[in-house]
Amino acid sequence: MAQKLAGKIAVVTASTDGIGYAIAERLAKDGAKVVVSSRKQANVDAAVNKLKSQNLDVVGVVCHVGKQEDRERLVTTAMDQYGGIDIFVANAAVNPYFGPILSNKMHVFSFFQIFDINVKTTFLLCKAIVPYMQKRGGGSIILVSSTGAYDPSAIIGPYGVSKTALLGLKKALVHQLSPMNIRVNCLAPGLIKTRFSEAIWKDPNNLKIVSQGIKLGRIGEPHECAGIVSFLASDDASYITDETVMVSGGANSQL
């Protein structure tokens with residue numbers, strides 16, 4: 001039986017750790033050729049070596065998504081190494097600030113830095129990648145949002161608002177990309193056990209409190225976000241676009 005992503009080429013940003021790595025690994029296991037990326041060469045090398053040790057077809061490239069030359073190199077690497085792009089997973093995000101959104105410590109620079117990385121660079125990468133998807137007759141874009149998009153947290157409000165913006169970006173892209181047979185969907189993870197979220201779950205007392213608001217009674221693991229992305233990237237989801245799939249263990253999230 002053929003792998004469901006056989007012959008597909010995927011680009012995944014921020015994919016050397018956490019949810020991004022789990023997605024890259026799953027796409028590759030399901031048959032895709034995957035371009036792995038991160039800001040640091042050492043992290044790229046470690047991830048690529050780990051994936052190749054499983055006989056997966058991957059290449060790695062340093063990419064700070066906030067730098068135009070790095071974004072261009074990411075796309076060029078996919079084209080030079082594999083000859084096209086069918087799948088784009090926009091996972092890169094930052095959150096440099098914890099605290100009330102109107103606090104004096106919440107500088108305008110930090111607010112716009114969050115939007116530059118989490119929203120603007122996602123848009124710019126979509127714009128750069130879409131022409132190559134169009135040449136291949138279509139593709140799948142998955143934007144990694146968050147359940148925080150529906151209910152931004154009191155302590156990471158700007159991050160949540162940036163993830164709300166991704167839901168809007170998805171809807172705006174769908175209008176133009178649907179005639180090109182390019183589907184656009186969002187993944188909205190809840191609390192997942194990653195370095196990015198360790199400030200929330202590392203303390204046992206905090207973990208106990210947050211788990212009470214999750215119907216499954218626990219936080220998620222990165223690999224639990226990966227299968228749905230592989231599905232959305234595959235032909236099994238050929239009639240699915242403009243959707244947001246929440247992977248949250250049943251945590252409440254309403255817009």
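In this predicted model, Arg 218 and Glu 224 form a salt bridge, with their closest N and O atoms 2.8 Å apart. Arg 218 is partly exposed, with a relative accessible area of 39%, and Glu 224 also counts as partly exposed, at 30%. Elsewhere, Lys 170, Lys 171 and Asp 242 are joined into one network by salt bridges that share partners. The count of salt bridges comes to eight; three of them are set out below.

| Salt bridge | N to O distance |
|---|---|
| Arg 218 and Glu 224 | 2.8 Å |
| Arg 26 and Asp 30 | 3.0 Å |
| Glu 25 and Lys 29 | 3.9 Å |

**Helix H1 and its charged residues**

Glu 25 and Lys 29 both belong to helix H1, where four residues, about one turn of the helix, separate them. An α-helix has 3.6 residues a turn, so residues three or four places apart point the same way. The side chains of Glu 25 and Lys 29 meet in a salt bridge. With a relative accessible area of 17%, Glu 25 falls under the 20% cut-off and is therefore buried. Lys 29, at 42%, is partly exposed. A similar question of cover applies to the pair Arg 26 and Asp 30: Arg 26 is partly exposed, with a relative accessible area of 32%, whereas Asp 30 is buried, at 14%.

Helix H1 covers residues 18–29. At 1.5 Å a residue, its 12 residues should span 16 Å, and the end C-alpha atoms are 17 Å apart, which agrees. Of these 12 residues, 10 are buried, so H1 is largely enclosed by the rest of the structure. The buried residues include Gly 18, Gly 20, Tyr 21, Ile 23 and Leu 27, as well as the charged Glu 25. Just after H1, Gly 31 takes a positive phi of about 110°.

**Nonpolar cores**

The largest nonpolar core has 35 residues, and the members that touch the most others are Val 35, Phe 88, Ile 141, Leu 143 and Leu 177. Helices and strands both contribute to this core: helices H3 (68–82), H4 (108–135) and H5 (157–177) each supply at least two residues, as do strands E1 (9–12), E3 (58–62), E4 (87–90), E5 (139–144) and E6 (182–189). Another core, of 33 residues, lies apart from the largest one; Ala 22, Val 44, Ala 47 and Ile 87 are among its members.

Which residues does Ile 141 touch, leaving out those up to four places away in sequence? Its contacts are Phe 88, Cys 126, Val 130, Met 133, Leu 177, Ile 182, Arg 183, Val 184 and Asn 185.

Thr 77 lies in helix H3. Is this residue buried or exposed? Thr 77 counts as buried because its relative accessibility is 14%, under the 20% cut-off. Beyond residues up to four places away in sequence, Thr 77 touches Val 35, Val 59, Val 61 and Tyr 82. Among these contacts, Val 35 is also one of the residues that touch the most other members of the largest core.

**A nonpolar surface patch**

Ile 101, Leu 102 and Val 161 make a nonpolar surface patch of about 290 Å². Val 161 is found in helix H5, a helix that also supplies at least two residues to the largest core. With a relative accessible area of 32%, Val 161 is partly exposed.

Key. Residues numbered from 1 in each chain as written. Predicted model: local features only at pLDDT ≥ 70, side-chain atom pairs only at ≥ 80, totals over all residues. Heavy atoms only, no water. Core = buried A, V, L, I, M, F, W, Y, C linked by side-chain atoms within 4.5 Å. Buried < 20%, exposed > 50% of the residue type's maximum accessible area, 1.4 Å probe, protein only. Contact = heavy atoms within 4.5 Å. Expected span 1.5 Å × (residues − 1). Patch = residues over 30% accessible without salt bridge, like charges linked within 9 Å, V, L, I, M, F, W, Y side chains within 5 Å. Areas by Shrake-Rupley, 256 points an atom, 1.4 Å probe, with all protein chains shown as cover. Salt bridge = Lys/Arg side-chain N within 4 Å of Asp/Glu carboxyl O.
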